[in-house]
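This briefing gathers salt bridges, the interface between chains, backbone features and record annotations for the model shown below. Please read it alongside the sequence and the coordinates.

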Amino acid sequence: MAWQWFHRLGSPRWFYEKTSRWLVWFAPLTIALLLIGLIWGLAFAPIDAKQGNSYRIIFIHMPAAVLSLVGYYIMAIAGGVGLIWRMKLPFMVMQAAAPIGAALTILTLATGSLWGYPTWGTFWEWDARNIFMLVLLFLYLGIVVLGKVYPVRDAADKACAILALVGTVNVPIIYKSVDWWYSLHQPASIKFTGASSIHPSMLYPLLLCIVAYYCFYTLSLILYTRREVLVREARTQWVGELVGAPNNGDKSGGERHA
Amino acid sequence: MDDQRGDNWSGVSAVFSRDLRLMWRHRSDLANPLIFFLIAITLLPLGVDPSRQLLGSIAPGMLWIMALLATLLSMDLLFRGDYDDGSLAQFQLAPQPLYLTVLAKVAVYWLTTGLPLALMAPLLAVMLALPEGGYIPLTLSLTLGTAVMSLIGALGAALTVCLRSGGLVLTLIVMPLYLPVLIIGANCVSSAVAGFDYSRELALLGAGLALALIVMPPAIAGALRISSNQ
């Protein structure tokens, strides 16, 4: 009996119906947090003494970098749970997490290079973190592509899960080796601003932005997973009823991001 | 218990000798990575600059990158033949565990691709004017590194064996996982050239090989079960 909740997690229908209720308050909360955090950071936080206004991109850049790394582990854990307990829903979460993670790494790379141009004088520098983000993007793309090219859905899920799990072993190794490589090939001119010395007036909006990004990640994961649920369960009766029934609030929720 | 172990061993050695014999019958395929390695290294001075100083400074990295690409070249074929003629299904039905069979196949692949590349590398290093003292670490690091890369690449080959044109997907999957091996391996050679002790890098590559030997065979076996049964 104690495990009932766990097995219910494997049911796509249960997830869909549960999240329909959550989204009603969770989506507005996320949007509000994002707006408050970004407006606070971008408009009201004080100007940095050395970098001027260009430092403000940290409020977009840094939480995206955090989430792109966390997202990889969420994806891999979902894949592992799917492989071990043979549940459908975790695989859908995994497939939903891959494009979100790829988008976040692209956002991190893009904002990073936009910040790098006024600060470092170049859009791209072979810096340890740059390379790590690029490799992370490749890892995500590998999973997205592998999921797309496989002829059978079920096999695609398992193959992606294996690749993601092997990737988790490799991610820390890649991170360390790139870091090590960088310390050997250290270019002279670049210095990061110390993260520990950040002033509270900039730290609080940054923390708020991180929380908002976590919520945003969860929200998009839920929406993408709902889409995946609808696509894969399209032939089941409950989806048919859901789509066929008039005046159903869930319908718009599912199709908004389809 | 002992009986089972004996069965496993005889099964593995049968696969091992079968693969070696197959490789021997397709001797011309064996030369492919080596010729690719030679041609790529020949093109390099023509495309960049033939001065010994520049070549010597980029030689460690270039030799490693070209060797890496050369191993990727034939990776696609590792399980392809067995998949096409149905041997892969037989391996899965066989009494010995699939990961041991996989290990035997990867070992043969490394003996016929990675090891020749590592042995040929010093010759090409002479052409690239690699400074003194870089030759032994180059061979040693490539010997260990190609073994790690064979194990990683075999996972990619196993995942893409059911795809008709899996080559590009294989490259995309495998490349990021190769990155630490490349960094450590190329660094081993360049630190040896600079006159430093390179045993640390070799130890790291050996540790990587130990980790890959533990992690990869079950993962490859799982991937083969998934991709060939659909």
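E17(A) has a relative accessible area of 34% and is therefore partly exposed, since that value falls between the cut-offs of 20% and 50%. The model in which this value was computed is a predicted one. E17(A) also takes part in a salt bridge with R13(A), whose closest N and O atoms are 3.0 Å apart, and that pair opens the account of charged contacts below.

**Salt bridges**

- Over all chains, a search of the whole structure finds twelve salt bridges.
- Both partners of the E17(A) and R13(A) pair belong to helix α2 of chain A, residues 12-44, where they are four residues apart, or about one turn of the helix; R13(A), like its partner, counts as partly exposed, with a relative accessible area of 39% for R13(A) and 34% for E17(A).
- R227(A) and E228(A) form a further salt bridge, with the closest N and O atoms 3.8 Å apart; of these two, R227(A) is partly exposed at a relative accessible area of 30%, whereas E228(A) is buried at 12%.
- R227(A) and E228(A) also belong to a network of salt bridges that links them with R153(A), D157(A) and R232(A).
- In chain B, the side chains of R18(B) and D82(B) meet in a salt bridge with an N to O distance of 2.9 Å, and this pair links distant parts of the chain, given that R18(B) is in helix α1 (residues 2-25), D82(B) is in helix α4 (residues 80-85), and the two are 64 residues apart.
- Within that pair, D82(B) counts as buried because its relative accessibility is 5%, which is under the 20% cut-off, while R18(B), at 23%, counts as partly exposed.

**Interface between chain B and chain A**

- Contacts join 26 residues of chain B to 28 residues of chain A, and the area buried between the two chains is about 2,300 Å², of which carbon and sulfur atoms give 84%.
- Across this interface the rule finds zero salt bridges, and one residue pair is counted in polar contact, with both residues at pLDDT 80 or more.
- On the side of chain B that touches chain A, the elements giving two or more residues are α7, α8 (167-193) and α9 (199-228) of chain B; by class, this side has 19 nonpolar, five polar and two charged residues.

**Backbone and local environment**

- R86(A) is a residue other than glycine with a positive phi, near 50°; R86(A) sits in the loop between α3 (58-85) and α4 (88-120) of chain A and counts as exposed at 69% relative accessibility.
- A129(B), likewise a residue other than glycine, has a positive phi near 60°; A129(B) lies in the loop between α6 (98-127) and α7 (135-159) of chain B, but counts as buried at 10% relative accessibility.
- T139(B), in helix α7 of chain B, is buried with a relative accessible area of 17%, and, leaving aside neighbours within four places in sequence, T139(B) is in contact with A118(B), L119(B) and P122(B).

**Annotated spans of chain A**

- According to an unreviewed UniProt entry, the annotation "transmembrane region" covers several spans of chain A, among them residues 130-150 and 202-225.
- In the model, residues 130-150 of chain A are 95% helix and 0% strand, with end C-alpha atoms 31 Å apart, and residues 202-225 of chain A are 100% helix and 0% strand, with end C-alpha atoms 34 Å apart.

How values were computed
Residues are numbered from 1 along each chain as its sequence is written. Chains are lettered from A and ligands numbered from 1 in the order in which they are written. This is a predicted model: local features need pLDDT of at least 70, side-chain atom pairs count only at pLDDT 80 or more; totals for chains, interfaces and linings use all residues. Side-chain values use heavy atoms; hydrogens and water are left out. UniProt positions are given in the numbering used here, feature names are shortened, and annotations may be inferred rather than shown by experiment. Buried means under 20% relative accessible area, exposed over 50%, partly exposed in between (1.4 Å probe, protein chains only). Contact means heavy atoms within 4.5 Å. Buried area is the accessible area (1.4 Å probe) that two parts lose on being put together, summed over both. A salt bridge is a side-chain nitrogen of Lys or Arg within 4 Å of a carboxyl oxygen of Asp or Glu. A polar contact is a pair of N or O atoms within 3.5 Å; within protein, one must be able to donate a hydrogen and the other to accept it, and residues adjacent in sequence count only if both atoms are side-chain atoms. Ala, Val, Leu, Ile, Met, Phe, Trp, Tyr, Cys and Pro count as nonpolar, Asp, Glu, Lys and Arg as charged, and the others, Gly among them, as polar.
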